Amino acid sequence: MINDVSSQVQYCFDQWSNKINDQALIIYDEVKDYSTIASTLPPQNTIYKVLITTRVRNLSSLIYPIDIDVLTDQQSLALLSSILGHERVNTEITTAKSIADWLGHLPIALESVGSYLLQRPDLKLKDLFKRLQEQGLNARALNQENINSS
């Protein structure tokens, strides 16, 4: 039995390598310290490609950074509208703008919140915004599983 996390992850990479015919993308999200993921990275020069999201500049000299712009106000509202429908967003347009601002106009955060709201048609945007402000990043609406279930 493999006891340490690093060895378990490497074992998984080895097993998957035998089953994947092309390439696979491994995503490490919101990395704050490179040392926390270094031992779990896939082997180099393999079928695995790695994407690391972070807000930390100069996370590691081993990483090639690509800066990504956030959405504009209009793009953020359009994204929320594409998920929730124009009527629901326009009914609470001021709150929708506040949510987009609070989320920093980050597409994945907007998509997560939009998916959460889509599953709860009776939840008002103002009530969700209040929860976001109270619970911060621990809010269920920002849970990654919401994206996958919509």
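Biologist: Let's start with one residue: does Glu 30 count as buried, partly exposed or exposed?

Modeller: Keep in mind that this is a predicted model. The relative accessibility of Glu 30 is 37%. Buried means under 20% and exposed means over 50%, so Glu 30 counts as partly exposed.

Biologist: Which residue forms a salt bridge with Glu 30?

Modeller: In general, side chains of opposite charge can pair when their charged atoms come close. For Glu 30, the closest N and O atoms of the pair are 3.8 Å apart, and a salt bridge needs them within 4 Å. The partner that forms this salt bridge with Glu 30 is Arg 55.

Biologist: How many residues apart in sequence are the parts that Arg 55 and Glu 30 tie together?

Modeller: Arg 55 is exposed, at a relative accessible area of 63%. Glu 30 lies in the loop between β1 and β2, while Arg 55 lies in the loop between β2 and α2 (73–84). The pair therefore ties together parts whose separation in sequence is 25 residues.

Biologist: The structure holds 2 salt bridges, so to speak of the one with Arg 57: which residue is its partner?

Modeller: The closest N and O atoms of this salt bridge are 2.8 Å apart. Both residues of the pair, Arg 57 and Asp 67, are exposed. The partner of Arg 57 is Asp 67.

Biologist: Let's step back to the whole chain. What pattern does the chain follow along the sequence?

Modeller: The chain has 7 helices and 2 strands. Of its 150 residues, 31% are buried. Read along the sequence, the pattern is α-β-β-α-α-α-α-α-α.

Biologist: Do strands β1 and β2 run parallel or antiparallel?

Modeller: Strand β1 covers residues 24–28, and strand β2 covers residues 48–52. One contact between them has Ala 24 with Tyr 48 as its bridge partner in β2. In total, 5 bridges join the strands, which run parallel.

Biologist: Which side chains of β1 point to the face where they are buried?

Modeller: The side chains alternate along β1. Leu 25 and Ile 27 point to one face and are not buried. Those that point to the other face and are buried are Ala 24, Ile 26 and Tyr 28.

Biologist: About what area does the nonpolar surface patch made by Leu 25, Ile 27 and Leu 51 have?

Modeller: Leu 25 and Ile 27 belong to β1 and are not buried. Leu 51 lies in strand β2, and it is partly exposed at a relative accessible area of 40%. Together the three make a nonpolar surface patch of about 290 Å².

Biologist: Now the rings: what is the angle between the planes of Phe 13 and Trp 16?

Modeller: The structure holds 2 aromatic pairs. Phe 13 and Trp 16 form one that is edge-to-face, at 5.9 Å centre to centre. Being 3 residues apart in helix α1 (residues 5–17), they are separated by about one helical turn. The angle between their planes is 75°.

Biologist: Is Phe 13 buried or exposed?

Modeller: Its ring partner Trp 16 is partly exposed, with a relative accessible area of 43%. Phe 13 has a relative accessible area of 2%. Being under 20%, Phe 13 is buried.

Biologist: What is the distance, centre to centre, between the rings of Phe 13 and Tyr 48?

Modeller: Phe 13 and Tyr 48 form an aromatic pair that is tilted, with 55° between the planes, at a centre-to-centre distance of 4.8 Å. The pair links distant parts of the chain: helix α1 holds Phe 13, and strand β2 holds Tyr 48, 35 residues apart. Tyr 48 counts as buried, at 6% relative accessibility. Again, the distance between the ring centres is 4.8 Å.

Biologist: Which residues do ring pairs link into a cluster?

Modeller: Phe 13 and Trp 16 form an aromatic pair. Phe 13 also pairs with Tyr 48. The cluster linked by ring pairs is Phe 13, Trp 16 and Tyr 48.

Biologist: By what distance are the C-alpha atoms of Lys 124 and Glu 92 separated?

Modeller: Lys 124 lies in the loop between α5 (107–118) and α6 (125–135). At 45% relative accessibility, Lys 124 counts as partly exposed. Lys 124 and Glu 92 are 32 residues apart along the chain, and their C-alpha atoms are separated by 8.2 Å.

Technical notes
Residues numbered from 1 in each chain as written. Predicted model: local features only at pLDDT ≥ 70, side-chain atom pairs only at ≥ 80, totals over all residues. Heavy atoms only, no water. Buried < 20%, exposed > 50% of the residue type's maximum accessible area, 1.4 Å probe, protein only. Helix = DSSP H or I, 4+ residues; strand = E, 2+ residues; numbered from the N terminus. Pairing = 2+ DSSP bridges. Phe/Tyr/Trp six-rings, centres within 6.5 Å; stacked < 30°, edge-to-face > 60°. Patch = residues over 30% accessible without salt bridge, like charges linked within 9 Å, V, L, I, M, F, W, Y side chains within 5 Å. Areas by Shrake-Rupley, 256 points an atom, 1.4 Å probe, with all protein chains shown as cover. Salt bridge = Lys/Arg side-chain N within 4 Å of Asp/Glu carboxyl O.
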